[in-house]
Amino acid sequence: MNRGNQRFYTLQFDGASRGNPGPAGAGAVLFDENGNVLYHFRKGLGYQSNNVAEYHALILGLQQAIMKGCKNINVQGDSQLVINQFLGSWRINNPHLMSLCGAALQLRNNFRSFGIQHISRDSNTRADAQANWAIYLQEGQVEEDCLYF
């Protein structure tokens with residue numbers, strides 16, 4: 001949606017881990033206000049649990065959206081755990097997940113408007129594909145595809 005001169009973006013994120021824990025990757029997709037895909041992002045995570053991969057995917061997507069100059073964003077993911085912990089609805093017992101959630105919460109402060117919601121796996125296939133591709137990247141390696149001209 002476009003309100004005046006403000007552009008609104010949608011960010012979808014997903015993490016993947018083969019083996020849980022196992023080789024892991026983070027993926028994110030940035031859409032414009034019309035639903036057009038602007039970017040695919042993926043990051044290799046080494047050996048991690050699926051929950052850690054999900055948080056890294058959220059962080060990756062937020063960092064990239066900030067770098068692209070997005071100020072108004074709606075975030076979507078299929079991880080109920082990450083969404084509900086991020087919103088403060090669910091407690092975080094794992095110190096590592098608490099740290100990752102804190103990092104994501106800090107990134108939220110870079111946006112003028114921010115929303116986050118849970119979506120079904122079927123609605124998150126693009127981010128899922130990026131996360132699964134990222135499993136084969138070196139730990140810390142980030143790749144980006146620009147899909148608009």
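**Exercise 1. Work out whether Phe-111 is buried or exposed.**

Step 1: Phe-111 has a relative accessible area of 8%. Step 2: buried means under 20% relative accessible area, exposed over 50% and partly exposed in between, with a 1.4 Å probe and protein chains only. Step 3: Phe-111 is therefore buried.

Before you go on: this is a predicted model, where local features need pLDDT of at least 70, side-chain atom pairs count only at pLDDT 80 or more, and totals for chains, interfaces and linings use all residues. Residues are numbered from 1 along each chain as its sequence is written, and side-chain values use heavy atoms, leaving out hydrogens and water.

**Exercise 2. Find out which residues the ring pairs link into a cluster.**

Step 1: searching the whole structure turns up three aromatic pairs. Rings of Phe, Tyr and Trp (its six-membered ring) pair if their centres lie within 6.5 Å; planes under 30 degrees apart are stacked, over 60 edge-to-face, and the rest tilted.

Step 2: take Phe-86 and Phe-114. Their ring centres are 5.7 Å apart and the planes sit at 35 degrees, so this pair is tilted. It joins distant parts of the chain, with Phe-86 in helix H2 (residues 80-86) and Phe-114 in strand E7 (residues 113-118), 28 residues apart. Helices (H or I, at least four residues) and strands (E, at least two) are DSSP runs, numbered from the N terminus.

Step 3: check the cover. Phe-86 is buried at 4% relative accessibility, while Phe-114, at 25%, is partly exposed.

Step 4: now try Phe-111 with Phe-114. Here the centres are 5.9 Å apart and the planes at 45 degrees, so this pair is tilted too.

Step 5: put the pairs together, and you get a cluster of Phe-86, Phe-111 and Phe-114.

**Exercise 3. Say which element supplies the largest share of the largest nonpolar core.**

Step 1: a nonpolar core is a set of buried Ala, Val, Leu, Ile, Met, Phe, Trp, Tyr and Cys residues joined through side-chain atoms within 4.5 Å. The largest one has 34 residues, and Leu-30, Leu-58, Leu-62, Ile-73 and Val-75 have the most contacts inside it.

Step 2: list the contributors. Among the elements supplying at least two residues each are strand E4 (22-31), helix H1 (50-67), strand E6 (72-77) and H2.

Step 3: the winner is H1, with nine residues.

**Exercise 4. Name residues that Val-75 touches.**

Step 1: contact means heavy atoms within 4.5 Å. Step 2: leave out residues up to four places away in sequence, and the partners include Leu-11, Phe-13, Leu-58, Leu-62 and Phe-114. Step 3: spot the familiar face, since Phe-114 also belongs to the ring cluster.
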